[in-house]
Amino acid sequence: IYSSTLVSLHLKLSSSLTCLDNMKLIEKLRLRLFNGAFDSTKCDKTTVLVVDRIRKLRKRKEEDIVKMRNKICALLQCGQDPINKTCIARILIEDLIREENILAAYVLIKGFCNLVRGRLSVIQVQRECPENLKQAISSLIFAAKKCFHEIPELLTLEKIIKKKYGSDFVLAATQPNCVTPVIVEKLSNRNSTDEEIEKIIQ
C-alpha cells in the first residue's frame, strides 16, 4: 500500500510538472506570436550601445566646441563682424550653434534609450506601443534618420521597433507631430538667426 501510494504521488507530480512545462511553453509561443518575435535582449543591448556611442561622441564634441569658441573669440577680437554673413566668425558661430544643438539632441536620445530600457518588460507583453512611450520611441526613430552616420546603432534600434510594431508605425513616427518638438528643433538644418548669433557673442 505504501509503495502504491508513492507511485501514485509520483505520477501526479510528474503530470503536474508536465502540465506546468506545457503551460510555460504555450505562454512563450503566445508571446512570440503576439509580439512578432520581439527580442527584448537585443533591444536592451542596442540601447546600451547607443548610450555608449553618445558618451564617446559627447566627449569629442565638447572638446571641439571649446576649440571653436576660442577661435571665434580670437576672430572677434580682430574686429570681425559676426552679423556679416560672409565673414569667418559668422560661419564658425553657425557651426558652433549646430554642434551645440546636436549635443543637446544626444542628451535627449540618451534619455529616451534609458526610458525604453526601463520599460522593456511592458513593451514585451503589449502588442501596441504604450501611450506614455510613443513620443520617446518616435523620437528615437526620427533621430535614426538624422544621426545614423554618427550613431549607426539607432538604425538597428529602428529595425527592432519596426519588427515589433510594423512599418506603418515607423512611417508615422517620422512625422514631426509625433516627435518631441525639442529634438526636431535641435536636429533641424536651418540657418541660425541674428538673435542666436548675438546670444553666442554676448
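Is L133 buried or exposed? In this predicted model, L133 is buried, because its relative accessible area is 0%, and the cut-off for buried is under 20%.

**Around L133**

L133 sits in helix α5, which covers residues 131-147. Beyond its neighbours within four places in sequence, L133 is in contact with L115, R119 and I123. V116 is 17 residues away from L133 in sequence. In space, the C-alpha atoms of L133 and V116 are 7.6 Å apart.

**The cavities**

Searching the whole structure turns up 2 cavities of 30 Å³ or more. Their volumes and linings are set out below.

| Cavity | Volume | Nonpolar lining residues | Polar lining residues | Charged lining residues |
|---|---|---|---|---|
| Largest | about 80 Å³ | 1 | 4 | 5 |
| Second largest | about 60 Å³ | 9 | none | 1 |

Take the largest cavity. Its lining consists of E94, I97, R98, N101, K186, S188, R190, N191, S192 and E196. Helix α3 (residues 88-118) gives the largest share of this lining, with 4 residues.

Now the second largest cavity. F38, C43, V116, I123, I137, L157, I160, I161, K164 and Y165 line this space. Here the largest share, 5 residues, comes from helix α6 (residues 153-165).

**Where the two topics meet**

I123 is one of the contacts of L133, and I123 also helps line the second largest cavity. V116 lies 7.6 Å from L133, C-alpha to C-alpha, and V116 is among the residues lining the second largest cavity too.

How values were computed: Residues numbered from 1 in each chain as written. Predicted model: local features only at pLDDT ≥ 70, side-chain atom pairs only at ≥ 80, totals over all residues. Heavy atoms only, no water. Helix = DSSP H or I, 4+ residues; strand = E, 2+ residues; numbered from the N terminus. Buried < 20%, exposed > 50% of the residue type's maximum accessible area, 1.4 Å probe, protein only. Contact = heavy atoms within 4.5 Å. 1 Å grid on protein atoms, 1.4 Å probe; cavity = no way out; pocket = protein on both sides within 12 Å on 5 of 7 lines; lining within 4 Å. Points joined across faces, edges and corners; volume = space filled by probe spheres on them. Nonpolar A, V, L, I, M, F, W, Y, C, P; charged D, E, K, R; others polar.
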